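Reader: I would like to go through this model with you, one question at a time. Could you begin with the terms that you rely on?

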Amino acid sequence: MRKSFSVFFMLLLFLKTVSIAQKTELKNWTFALSKDTTLVKVTLPHTWNLKDAFDEEPGYYKGVGIYTTDFEIQDNTKRYYILFKGVNQTANVWINDQFVGQHIGGYTAFQFPISAFIQKGKNRIKVAVDNTYNEQIPPLDADFTFFGGIYRQVFIEEEKTIYFAKKFGADAIKIDAIVNTSTNAKLKIFGELVNKAKQQITIKFSLFDALNKLVLQKRTIGRSDFEIESLLSKIELWSPSKPYLYTAKVEILHDDQLLDTFEHKIGFRKFEATVNGFKINDKPLKLVGVNRHQDLEGFGNAVPLKLQVDDLVKIKEMGSNFLRLAHYPQDQEIYKAADSLGLILWSETPIVNKVPTGTDYQMFEENAITMQREHIAQNYNHPSLVFIGYMNEIFLRMVFDKPTEKVKMEIINNSLKLAKKLEALTREEAPNHITVMALHGNQIYNDTEIASIPMVIGWNLYYGWYEGVIDELGTFLDKEHIKFPNRPLIISEYGVGSDIRIRNNKPQKFDFSEDYQLEYHQGYWNQVMERDFVIGMTAWNFADFSSEFRGDTKPHINQKGLVNYDRTPKNIFYWYKTMLDSSTTKSRFFKEFPAHVSTSNTKQIKIITNKTVVLKVNDTLLDKLIPRNGIITQEVELLEGQNLLKVYSESMVLEDTLSLDWKKVQLLHKDDKIAVNFGSEISFLEDKGQIWIPVADVPFINTKESTKKSSTSTNIRGTDNDPMYQSMATNVKEIEITVPSGKYRIELHWSNFEDGKKLAYELSKESNTSNQHTISDILFVNNTKLKLPTIDKFNFDTITLEVSPAKNSISIKAPKNNLFSISGLIITKF
Ligand code: GCB
């Protein structure tokens, strides 16, 4: 320990000490994980799980990390605060070796007064951050990575003798902009002061319009907490289509000296959610948008603000008017961006999947309550904040884990107790807002009546993915509506995993194709739009996000995004854009693989559009095409080699082009090559450009007696081609390939996985077929006997050999009465 700290000091010498002005950001720190002594210089925002949350080793470091930095104080008679905008998940803070305080909870800001600990000149701050699992701190269990670190900004703020009180990580000022009529409103400002000497001060309130013109000014004299009320006429309203913002400024003046200023953008809007729909400023508005997690490829949760705000710009660009910040409060800049872009927010406290039982419950409850207080105090004044939530799928774990009846009752009672407390707190702290809770598709929420606590219910429904079929959504919703005719509903989550490397001509559940993703979202859209009592929908998720334990086709990533983890759009993003704003959205081709690998020259292509279009394939103009559900599906005939497709508007304005190379599946010429996928029906585009096609699409390959396919949801180590190795054909007796005479190279691909353990998120996924490991340890390829590799669990292996078939046929066969499994095969002609 001693040794590590002296190294710490040495490293600190290299950091430039920051001199504190009014509000100074502390960006440069030294950092070490407590499990080792390696010190590094880091710049905030920072997380220590950037590598291990994505590597081949299951799990990621959950423990303590120590951050240290220095700052310089010129005048230690002044008041100083330290402000942390987000540290996951527990922070213990020391200044000059004196303990300053502890904060629990990874998603809200917090402040400590530090004047008592600082000295003139140089000061040293140390923060021990801990993301160890703790049964007393929400969230306990969730489908996202709990990245550890100081992952948002840190500031030191200087205050004068009298200033706005700091409570729950925010200046204690609440502004209510209450709309009476479409032009009249009432403003109510309530604030708290720190004024130890009880001196007389003036509070000056000013309101500026969007052009910065002063529209209202009021002064009040006092010595402590203050309240200002004012009526306004000729107001401009805030709404997603016209997010008109005013600037509210509150100043403390003493003897004409300005002591503190609070500035916030505000907006005038009123809203209601009833079973007849959502209304903003008395106008109906179907809420449509997405959920958002805060992490980004290459950054984990420590994402620069500019890039975070870019997300909201994209979400708005897609046509959304609604955004659920799931499952936790996000950076305050996100709320600001929603205000100015015009996005209605649902924001929630991270109580996800379960509450604890036993003695841990009490502290868990206290922490949850503090989190909700902080969440509200920090975001109350944002006009975008409309829905305030506090629980997501709280019975998920219980349904999945099937505890004893006694434990079950305790979980239900604790959850009910907590929900009631949080509901009461939210209604009190945030009147004029709508309370919500998100549930998973199970009647337990109605049976226990927890679903009757909040004002609006959000259902997270995955018909057509984890359970049932896409069309069951409507049936479920109608049943709910009959049971609870006065309950407004939101589909707070719906989505399927998709991988832009995967396509399927016969889209199906769990194939991770973009084709199935499109079918699913079209189905949900239609079923929601038909029902007024469903007041809104937020797709799961805006972007792919990190969930370390997942083994989808891109391990560690939940792939239900409308955009990729790096935010490049998937096809479905453009489909939403078309559906939400067809007037300005250009028609575009559903992005295909660069090549059509097939024996046939015909290919079904899709155009994402809501307008009648004209299609040109090479030199041939086709008839006008009319979309259905935002899509035109058209069979086109391709020439061997490169083809150019063009889509025009009806008035022949070019809107998009698509190049497609028809690579005929054949083994006639030198270097002709076919990569075949045996385990599933998908086509897969490897990073190297290689396209694997399903064996069913290769007429000259005959698989004998393969009755079974098997698949896993597990990371296959050592490859990015997981989709190829996560499935296999099993019980194969023989593979026969009819080929012209010549010499061929054959690569056989295998993997080893056991029946994947089901995850809580796969409640209804059919279990995998068994018998997948009947891999005979030898195979015959024509007459060549192959000794097969032993493959460690969750690994893959390949064997390459050369074959010169005698009678135009290559046979891959297990010895008599034996069967084998196989994932893939590549055959190349010499
Ligand atoms: C849910 C959860 C969310 C998961 C999602 C999924 O219902 O609320 O946290 O990520 O399902 O993708 O399984």
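Author: Contact means heavy atoms within 4.5 Å, and helices (H or I, at least four residues) and strands (E, at least two) are DSSP runs numbered from the N terminus. This is a predicted model, in which local features need pLDDT of at least 70, side-chain atom pairs count only at pLDDT 80 or more, and totals for chains, interfaces and linings use all residues. Residues are numbered from 1 along each chain as its sequence is written, and side-chain values use heavy atoms, with hydrogens and water left out.

Reader: Which residues of helix 3 meet helix 2?

Author: Helix 2 (residues 305-317) and helix 3 (residues 332-341) pack with their axes 10 Å apart and at an angle of about 35°, where axes are lines fitted to C-alpha atoms, for helices over the stretch in contact, and angles run from 0 to 180 degrees between N-to-C directions. From helix 2 the residues taking part are L305, Q308, V309, L312, V313 and K316, and in helix 3 they meet E333, I334, A337, A338 and L341.

Reader: How many strands form the closed barrel, and in what order do they run?

Author: Two strands pair if DSSP finds at least two bridges between them, and the pairing in this barrel is parallel. Neighbouring strands of the sheet are turned by 25° against each other on average, direction ignored. The closed barrel has eight strands, in the order 28-29-30-31-32-33-34-36.

Reader: Is strand 31 largely enclosed or open?

Author: Strand 31 (385-392) has helix 6 (residues 405-429) lying across it and across strand 32 (434-440), with helix 6 running at about 165° to strand 31. Buried means under 20% relative accessible area, with exposed over 50% and partly exposed in between (1.4 Å probe, protein chains only). Eight of the eight residues of strand 31 are buried, so the strand is largely enclosed by the rest of the structure.

Reader: Which residue stands opposite S347 in strand 31?

Author: S347 falls within strand 30 (residues 344-348), which pairs with strand 31 in the parallel sense over four bridges. The residue opposite S347 is I388.

Reader: And which residue of strand 34 stands opposite I457?

Author: Strand 33 (residues 456-460) and strand 34 (residues 489-493) run parallel and are joined by four bridges. Opposite I457 stands L489.

Reader: What share of the residues in the protein chain count as buried?

Author: The protein chain holds eleven helices and 60 strands, and its C-alpha atoms fill a box of roughly 105 × 70 × 55 Å along the principal axes. Of its 830 residues, the share that count as buried is 59%.
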